Amino acid sequence: MRKPVDYRLFERAVDSSEAVAGLFDAAASALDEIASGRRELYAVRHPLGFLCLPVERDGDRGVCLHVFGTGNPGATGPDAAPTASPVHSHSWELTSCVLYGSVGNLRMRVREHPEVATHRVFEVRSDPAGVDDIRPTSRLVSCEPGPEQTVVGGEIYTLPAGEFHTSVIPRGTTAATLLLGRSRPGRFDLSLGPVHGRGHRVVRQTCDAAQTARTARTVLRRIDAPHPR
């Protein structure tokens, strides 16, 4: 029987190198089970262009592994381009541990009721079948880049629910993260799109068992290296 991820490790990892090491061990354990086929789990191509391995879900909390960048091991061709706006906000708060590579967390300054709107807010409704229904709202906003936090292997970053941001992976590089998400009542997943943009649907593609196992093995090899803190 597999050992579930200890959610408390994410809380302690912000200030504890021992807890960070525990997250690396948890990631390696899950990846080994996926790579060997002991755990039946399939990677999903996320609309934002990365691969997501849904490690576990427990009520309002969930743990996922995200794999970014060039040479994505689950791909059969060039890296998939995002099919949704990269600027978005979550209905859940996250704590993310970078397993390897470099991840830029770029916060965006979004103003309501601007004199000149640059974007419309879209609501993203997702169903268990992997369909994202992206619906335009009446909210018009202006958006410009804010501060960017660059996080490397062995480091942690957090983001509250409702804050617009985008993830930045340096061109030509790869990265992977293990993250904990906690849903917050009354929140919706949102994205920014064109002022006159229309609603549309995105169907998430699921990788097969071989692609998923190949992804897990590739990530596992990368995080076997000593991790800094």
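**Figure 1. Surroundings of L23 in the predicted model.** In this predicted model, and with its neighbours within four places in sequence left aside, L23 is in contact with L9, F10, A13, C97, I156 and L178. L23 is also among the residues with the most contacts inside the largest nonpolar core, a group that further includes L178.

**Figure 2. The largest nonpolar core and the elements that supply it.** This core has 35 residues, and those with the most contacts inside it are L23, L31, L53, V63, L99, L178 and I223. At least two residues of the core come from each of the helices α1 (8-13), α2 (17-36) and α3 (209-223), and likewise from each of the strands β2 (51-58), β3 (61-69), β5 and β11. The element that gives the most to the core is α2, with 10 residues.

**Figure 3. A second nonpolar core.** Separate from the core of the preceding view, a second one of 11 residues includes C52, L94, Y157 and A175.

**Figure 4. The salt bridge between R182 and E93.** The side chains of R182 and E93 meet in a salt bridge, with an N to O distance of 3.6 Å. Because R182 lies in strand β11 (residues 174-183) and E93 in strand β5 (residues 92-100), the pair ties together parts that are 89 residues apart in sequence. R182 is buried, with a relative accessible area of 14%, whereas E93, with a relative accessible area of 23%, is partly exposed. Strands β5 and β11 are also among the elements that each supply at least two residues of the largest nonpolar core.

**Figure 5. The salt bridge between E33 and R39.** The side chains of E33 and R39 meet in a salt bridge at 2.8 Å, N to O. Both partners fall under the 20% limit for a buried residue, since the relative accessibility of E33 is 12% and the relative accessible area of R39 is 11%.

**Figure 6. The salt bridge between R125 and E123, and a network of shared partners.** The side chains of R125 and E123 meet in a salt bridge with an N to O distance of 2.4 Å. R125 is partly exposed, with a relative accessible area of 34%, while E123 counts as buried at 16% relative accessibility. Elsewhere, salt bridges that share partners join E11, E93, R182 and R184 into one network, and this network thus takes in R182 and E93, whose side chains meet in the salt bridge of Figure 4. In total, the structure holds 13 salt bridges.

Definitions and conventions. Residues numbered from 1 in each chain as written. Predicted model: local features only at pLDDT ≥ 70, side-chain atom pairs only at ≥ 80, totals over all residues. Heavy atoms only, no water. Buried < 20%, exposed > 50% of the residue type's maximum accessible area, 1.4 Å probe, protein only. Core = buried A, V, L, I, M, F, W, Y, C linked by side-chain atoms within 4.5 Å. Contact = heavy atoms within 4.5 Å.
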